[in-house]
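Reader: I'm new to reading protein models and would love a close look at one part. Could you take me through the space enclosed inside this one, and what surrounds it?

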Amino acid sequence: MAVQPSKVTPRESEEQFKALFDASPIGISINNAEGRFLQANPVFQKIFGYSEEELAQHTFKDLTFPDDLPASAVVFRELVEGKRQSFHIEKRYVRKNGSIMWANTACAAIRDEKGRFIYTFAMVEDITEKKASEINLRASEEQYRSLFENSYDAVIIATQDGTIEAANPEACRIFGMSVDEICAVGRKGLVDPMDVRLPTLLEERERTGRFAGELSFRRKDGSLFPGEVASAFYRDKNGEPKASIIIRDITERRREEKALHDLVAGTAAVTGKDFFPELVKFLASALGARYALVSECVGPTVDRVRSLAFWLDRDWRPGIEYDVKDTACEEVLNEGRTCFYKDHVQERFPKDTALVKLQAVCYLGTPLFGTDGKTLGHIYVIDDKPLNNPERAKSIISIFAARAAMELQRKKNLEKIGDQARLLDEAHDAIVVTDLLHQITYWNRGAEKLYGWSPEDAQGKKMEELLYAVDGEQFKEATIQVTRHGVWNSEVKQRRQDGQEVMVQTRWTLVRSSEGEPQAILSINTDVTERKKLESHFLRAQRMESIGTLAAGVAHDLNNVLTPILLAVETLLEKPDHERLQQLLVMIDSNARRGADMANQVLTFARGVEGDRVPLEARHLIKEMEKIARETFPRTIQLQSRIGPELYMIAGNTTQLHQVLLNLCVNARDAMPSGGVLKLTAENVDLDQEFARMHPEAQPGQYLCMTVSDTGTGIAPDVQGRIFEPFFTSKGIGKGTGLGLSTVAGIVRSHKGFINVYSELGKGSQFKVFLPAIVSHVEQPERKERKLPRGNSELILLVDDEASIREVAKTTLEAYGYRVITAADGTEALSVYAKQGDEIDLVLTDMMMPYLDGLGTIKALERMNPRVRVIAASGLHSQQRLSKSDSPTIQGFIPKPFTAERLLVALNEVLTKG
């Protein structure tokens with residue numbers, strides 16, 4: 001009974017591809033048709049010294065060494081235009097620090113099922129050290145040749161059986177023969193036949209690979225001379241064993257010299273012997289094929305190949321060697337092109353017995369090229385059913401082909417693995433790897449320094465028992481999060497071997513196999529104990545600054561409280577009537593209670609007791625802050641609050657979160673010296689993957705969003721980038737230390753949250769604080785995928801000055817059936833609309849942009865086309881405020897930050913209005 005192949009869903013293939021992307025040992029980037037970086041994996045960022053955000057501002061041309069740019073630009077353009085599917089070159093790059101880097105670059109075009117270009121997939125391997133080694137090797141060869149020709153010693157090169165192939169001038173002088181004569185007589189003709197030491201030395205060389213000693217040699221004229229000889233085996237560039245023989249006439253020279261050392265050749269792939277088996281296994285799984293093979297050519301031609309790995313229906317087969325004539329592989333190797341036969345492959349190649357034996361229906365194969373353009377081998381998949389999405393399959397196999405070709409050309413030796421391990425040991429951070437049961441399998445020297453246990457003591461132990469005895473509940477929560485989302489990071493308390501507690505910043509990453517199955521958990525821990533102490537000092541200092549800022553308001557209100565009490569006491573001393581006495585006593589009691597309440601509020605913040613984080617409701621935080629503001633802020637400031645129903649619970653420190661709201665409210669108050677509206681809101685939000693891509697500090701999931709907004713002076717654009725810096729303040733001298741917002745940012749980050757700021761001069765500011773909701777430990781039933789509205793190839797003009805928002809929103813809209821063109825500001829939008837206005841169905845524009853803002857852009861578009869349809873997006877404006885502009889073209893509004901669902905629904909509502 002035939003074994004049915006496993007079904008690999010698109011989602012599983014995507015996860016497997018993502019795992020390969022993130023865990024690849026070489027740098028990988030994804031670029032658009034202009035060469036701009038869309039994504040880069042961690043190794044790529046490390047190689048070039050740029051973060052992914054920084055790379056998004058560049059194209060590959062910006063990073064290419066100027067002399068190598070013309071050739072790179074030509075092949076990249078051919079790739080985009082479809083004139084080639086992939087390319088593989090050696091080139092130079094310029095890192096962020098200005099240093100020059102040599103790299104192997106393999107790049108392939110990813111196309112949709114209609115063959116249209118989507119993006120490029122590039123793999124970059126740093127070979128700077130290899131190139132330096134090649135240069136050094138050439139220099140060494142030149143030095144060796146010079147030494148060979150000019151040496152004061154006789155140097156002879158011989159085969160293993162004693163046949164002489166070369167002799168230097170000094171050998172000719174010593175023996176009195178020409179090179180041809182020395183080669184003709186061989187080793188036996190040069191050594192005194194009566195010297196009994198030769199067999200012993202030869203035996204030693206056979207046994208050890210070398211010998212050194214003294215022999216008696218014979219010149220052409222028959223005379224003998226004593227010589228010191230050193231001989232050793234080595235392999236030449238063709239891998240043939242050779243012997244180098246160095247002879248010194250010790251009758252003229254009594255000094256001893258060391259023998260020349262061998263040149264050692266041979267390197268091993270950094271990924272080891274399992275690389276190619278894993279490669280074809282993942283390839284078969286990604287394409288849903290039963291069989292996959294990667295091979296290398298045997299000999300100088302492409303007529304015969306040897307398999308490096310063969311995946312055969314969920315099993316391995318040993319290496320095989322075969323002629324490619326009359327097989328499906330013949331065209332791939334002889335013509336050097338990708339070949340795809342979607343069906344009837346057996347009928348096409350009736351002499352290919354392997355296809356018949358495997359009941360093959362389809363075949364997809366592509367050659368492996370070296371940097372010199374020569375064919376190194378090939379890689380293919382076959383299956384007993386047609387492949388789904390052939391164009392996609394071709395794109396995927398071309399990526400694997402480029403990687404396999406790169407692996408074939410590796411010259412790095414096994415020491416690199418040791419170097420990488422030593423680098424981990426040199427890391428200051430504690431690096432720990434556990435299996436899925438949290439049993440420790442790797443423990444670097446950084447972990448030994450931080451915790452005290454040696455690798456021998458730690459390996460095999462349970463991680464929760466060794467490090468998390470302080471907080472077992474947090475360990476359980478971490479396990480749930482890393483299993484569900486693949487990553488988890490937080491600040492936690494852990495235990496050292498001596499029993500002391502340390503505070504560490506830890507990041508867990510779920511390591512998956514090539515099939516996407518969880519295999520291990522990687523934990524990187526940084527000791528932040530001292531930093532937390534410093535933060536605590538900063539928090540206390542900033543807390544006192546906040547209280548000092550409020551002191552004037554508190555004193556004013558306390559005076560208002562105490563004045564009625566004093567007046568009432570004087571009246572009581574005059575012995576008023578009984579009814580009047582009762583009224584005064586009620587008034588005294590009310591004012592005394594109010595004064596005590598105010599004092600308690602001040603003391604709560606002044607003490608700054610920082611307890612452990614506990615589950616809490618934001619409703620109480622908002623209400624208490626509202627109460628403080630009403631009692632202490634000027635009456636010219638109107639206070640509004642809006643709290644959503646059934647708010648998510650959050651895990652937090654009440655004192656610290658009070659301080660966040662207090663600092664933001666005080667800043668809002670100071671921004672409205674002539675009065676205004678201060679608004680406090682709290683609501684639940686669900687952030688999707690697209691939102692997280694636009695905001696790198698965010699993770700998809702459920703959040704509680706607390707918002708503090710004002711109608712004050714706003715923040716200048718040149719200042720907005722610095723407001724969270726410690727000691728930076730735009731207030732006057734003596735009105736602040738600049739620790740307020742930096743403290744807010746630190747507290748929010750420590751709660752695993754993030755902040756978005758929107759501000760416009762003269763219109764006010766809005767601070768949105770996102771805090772992750774507490775996820776219940778009870779497994780919830782899997783939610784059905786949302787049915788989001790799709791487009792019908794409508795053309796959208798997307799205008800936003802934030803590059804990340806443009807790129808992510810564009811990708812999202814295109815994924816849901818829209819066509820998108822982008823503009824970075826209003827002036828660029830007008831230029832685009834002037835050229836393509838007849839095709840554009842809708843304009844989606846940000847309202848706050850440099851040069852020409854959103855409202856100005858909309859007015860200009862109205863003059864160009866009174867019927868233009870516009871959706872406005874803003875983090876500060878509201879739909880009600882925009883409606884006052886009486887602009888009929890604004891038919892929709894999206895508040896920032898927005899999710900993919902909100903964006904798609906808004907577009908659908910406007911476009912379906914007709």
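Author: Let's start with the lining of the largest cavity in this predicted model. The lining is made up of 18 residues, and those nearest the centre of the cavity are Phe60, Lys91, Tyr93, Thr105 and Ala122. Several elements each give two or more residues to this lining: the helices H2 (42–48), H4 (60–63) and H5 (69–81), along with the strands E1 (27–31), E3 (86–94), E4 (100–111) and E5 (117–126). Strand E3 gives the most, with four residues. If you sort the lining of the largest cavity by character, you find twelve nonpolar residues, five polar and one charged. The volume enclosed there is about 180 Å³.

Now pick out helix H5, one of the elements that contribute to this lining. Its 13 residues should span 18 Å at 1.5 Å a residue, and the C-alpha atoms at its two ends are 18 Å apart, so the expected and modelled spans agree. Next, look at which of its residues are hidden: Ser72, Val75, Phe76, Leu79 and Val80 are the buried ones. Looking down the axis of H5, you would see these buried residues within an arc of 140°, so they line one face of the helix. There is a simple reason for such spacing: an α-helix has 3.6 residues a turn, so residues three or four places apart point the same way.

What lies over that buried face? The cover for the buried residues of H5 includes H4, E3, E4 and E5. Those four elements also appear among the ones that give two or more residues to the lining of the largest cavity. On the face of H5 turned away from its buried side, you will find the exposed residues Pro70 and Ala71. Just after the helix comes Gly82, with a positive phi of about 85°.

The largest cavity has company, since the structure holds four cavities of 30 Å³ or more. The second largest contains about 110 Å³ of space. Of the 15 residues that line the second largest cavity, Arg187, Val191, Phe217, Ile245 and Ile247 are the closest to its centre. Here at least two lining residues come from each of helix H8 (179–190), helix H9 (197–208), strand E8 (210–218), strand E9 (224–235) and strand E10 (241–249). The lining of this second cavity comprises twelve nonpolar residues, one polar and two charged.

Terms used:
Residues numbered from 1 in each chain as written. Predicted model: local features only at pLDDT ≥ 70, side-chain atom pairs only at ≥ 80, totals over all residues. Heavy atoms only, no water. 1 Å grid on protein atoms, 1.4 Å probe; cavity = no way out; pocket = protein on both sides within 12 Å on 5 of 7 lines; lining within 4 Å. Points joined across faces, edges and corners; volume = space filled by probe spheres on them. Nonpolar A, V, L, I, M, F, W, Y, C, P; charged D, E, K, R; others polar. Expected span 1.5 Å × (residues − 1). Buried < 20%, exposed > 50% of the residue type's maximum accessible area, 1.4 Å probe, protein only. Arc of directions from axis to C-beta. Contact = heavy atoms within 4.5 Å.
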